[in-house]
Amino acid sequence: MEKIRVFASTDYDVLIDSGLLPQAGELIFSAMLPDTGLDSLDPMAARKKAESTTAVIVSDDNVFPLYGETLKNSLTESGYKTIEYVFPHGEKSKCFTTYEGLLEFMCEHRIKRSDMIVALGGGVVGDLAGFAAATYQRGIAFIQVPTTLLAAVDSSVGGKTAIDLKNGKNQVGAFYQPRLVICDTDTLKTLPKEEYGCGCGEIIKYAILESEEFFDELLSKPVSEQYEHVISTCVNIKKHYVENDEFDTGLRMKLNLGHTFGHAVEACSGYTVLHGQAVAMGMAAIARAASGMGLCSKETEVRIMEILDRYELPKDITYGLEEMYDVVLVDKKNSGSVTNLIVPTSIGNCRTMKVRTEMIKGWLEEGGIVD
Ligand SMILES: NC(=O)c1ccc[n+]([C@@H]2O[C@H](COP(=O)([O-])OP(=O)(O)OC[C@H]3O[C@@H](n4cnc5c(N)ncnc54)[C@H](O)[C@@H]3O)[C@@H](O)[C@H]2O)c1
């Protein structure tokens, strides 16, 4: 089992292995011991404490039927009481209505600050459950059990929690770290192909950002044949960014490689293009633009296109220049008249460029976006 400790406002472990879900109860029990203040006492006292703790399992209607029972049984065997809140899958559920429903559900069941939320699912479940945990009674413990590749390598680690508003993604949220992340690679076996591709988009992003060696590994062997290695490599990269800039004021912005144009694609599509696919298109566009402007070599651009092709990810943005530009203008990452663009300079190296917002149109054009 890979165990990666993240040092942030709350320190926690990320556990990565096959077969972890049936052990989730005991893993959570061990991780929560320091919280109870009972670790140095009789283990029976700690077990009694677990017996008075309710785990609120939050999941969606695709994931819960697949893995809910295993998680519930494991928690029950470790002494926890469980209740579950299951909502319809998809980004549309990452909204105020679901969030409010979850808070009311917890209140109705008299959930206390000493109870906990266990998020079982992809990034939608993790972001929403994490935000509920951050805000319910001013904060209760939460555990991430990511079941998508994207959630395993990205959203379950780092403490960004959020819900969407009608006019923008992730517009309400909090930085709130989980107490534990349990990534059971067996759950990835049931992932639909396009969701696997989305995770690969984010994985390729980490390689372009940080490591040519990792990039080559992704080209020589599919992600699905090396899940533990790939997930732990990505988590270690993310850990570095989170530990050095937990609240996203500088360094962590680099993780937005491909996201500025990617978010615009998502918005232009009315959120029908999946996040990882939009990021792939965004990375292709910024690589074309960087190469066109002489900021990276043609070879770097070609290699980025090659790896996106290898993982059957889309590269071409079909939305028009004006439409894309309008959306970039309202992207939350614009600070005043300057946009932070993350630009690849070679494989494994990127730089943050502060670009005057009126110049973005030129970047989009260089990126192959036409009217
Ligand atoms: N917090 C962060 O740092 C962060 C980072 C990146 C993305 N995000 C957010 O994550 C969300 C996207 O996450 P996602 O791609 O995991 O989407 P998702 O949670 O919607 O999951 C994708 C689909 O896969 C299904 N699914 C999940 N696990 C499955 C499994 N094991 N087997 C079969 N089906 C399964 C889900 O029901 C859903 O239909 C977005 O809202 C994005 O904003 C957050």
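What follows is a chat between a student and a tutor about a predicted model of one chain.

Student: Let's start big. What makes the chain agree with a compact globule?

Tutor: Set the value against the rule. For 371 residues, a compact globule would have a radius of gyration near 21 Å, and the chain has 21 Å, so the two agree. Along its principal axes, the C-alpha trace spans about 65 × 40 × 35 Å. The chain holds 14 helices and 12 strands, and 48% of its 371 residues count as buried.

Student: How do you know which contacts join residues at least 24 apart in sequence, and what share do they take?

Tutor: Begin with pairs at least 6 apart in sequence whose C-beta atoms lie within 7 Å. Of those contacts, 73% join residues at least 24 apart.

Student: Why are β1 and β2 called paired?

Tutor: Two strands pair if there are at least two bridges between them. Strand β1 (residues 2–6) and strand β2 (residues 12–17) have five bridges, in the antiparallel sense, so they count as a pair. Glutamate 2, for instance, stands opposite isoleucine 16 in β2. The two strands form a hairpin, with five residues between them.

Student: What makes the set of 116 residues a nonpolar core?

Tutor: Its members have to be buried residues of the listed nonpolar types, joined through C-beta atoms within 7 Å. The largest such set here has 116 residues, and those with the most contacts inside it include Val58, Ile117, Leu120 and Ile208. Helix α11 (residues 275–292) contributes the largest share of this core, 11 residues. The core also draws at least three residues from each of domain 1 (2–190) and domain 2 (193–366).

Student: And what does isoleucine 208 touch?

Tutor: Leaving out residues up to four places away in sequence, isoleucine 208 touches Phe215, Leu257, Met283, Ile304, Pro344, Ile347 and Cys350. Of these, Met283 falls within the range of α11.

Student: How do you know where domain 1 and domain 2 begin and end?

Tutor: The bounds come from the domain assignment, which gives domain 1 as 2–190 and domain 2 as 193–366. Their centres, taken over C-alpha atoms, are 28 Å apart. The contact takes 24 residues from domain 1 and 23 residues from domain 2.

Student: Which elements supply the side of domain 1 that touches domain 2?

Tutor: β1, β2, α6 (149–155) and β8 (168–175) each supply at least two residues. α6 gives the most, with five residues. By type, that side of domain 1 divides into 14 nonpolar, six polar and four charged residues.

Student: Now the odd backbone angles. What is noted about the phi of arginine 110?

Tutor: Arginine 110 has a positive phi of about 55 degrees although it is not a glycine. It lies in the loop between α4 (96–108) and β5 (116–121).

Student: Why is arginine 110 called exposed?

Tutor: The cut-off for exposed is 12 or fewer other C-beta atoms within 10 Å. Arginine 110 has 8, so it counts as exposed.

Student: Where does tyrosine 271 lie, and what is its phi?

Tutor: Tyrosine 271 sits in the loop between α10 (259–268) and α11. Its phi is positive too, about 65 degrees, although tyrosine 271 is not a glycine.

Student: Then what makes tyrosine 271 partly exposed?

Tutor: Buried needs 20 or more other C-beta atoms within 10 Å, and exposed needs 12 or fewer. Tyrosine 271 has 17, which is in between, so partly exposed is the label.

How values were computed
Residues numbered from 1 in each chain as written. Predicted model: local features only at pLDDT ≥ 70, side-chain atom pairs only at ≥ 80, totals over all residues. Helix = DSSP H or I, 4+ residues; strand = E, 2+ residues; numbered from the N terminus. Domains from an automatic or database assignment. Contact = placed C-beta atoms within 7 Å. Rg over C-alpha atoms; globule rule 2.2 N^0.38 Å. Nonpolar A, V, L, I, M, F, W, Y, C, P; charged D, E, K, R; others polar.
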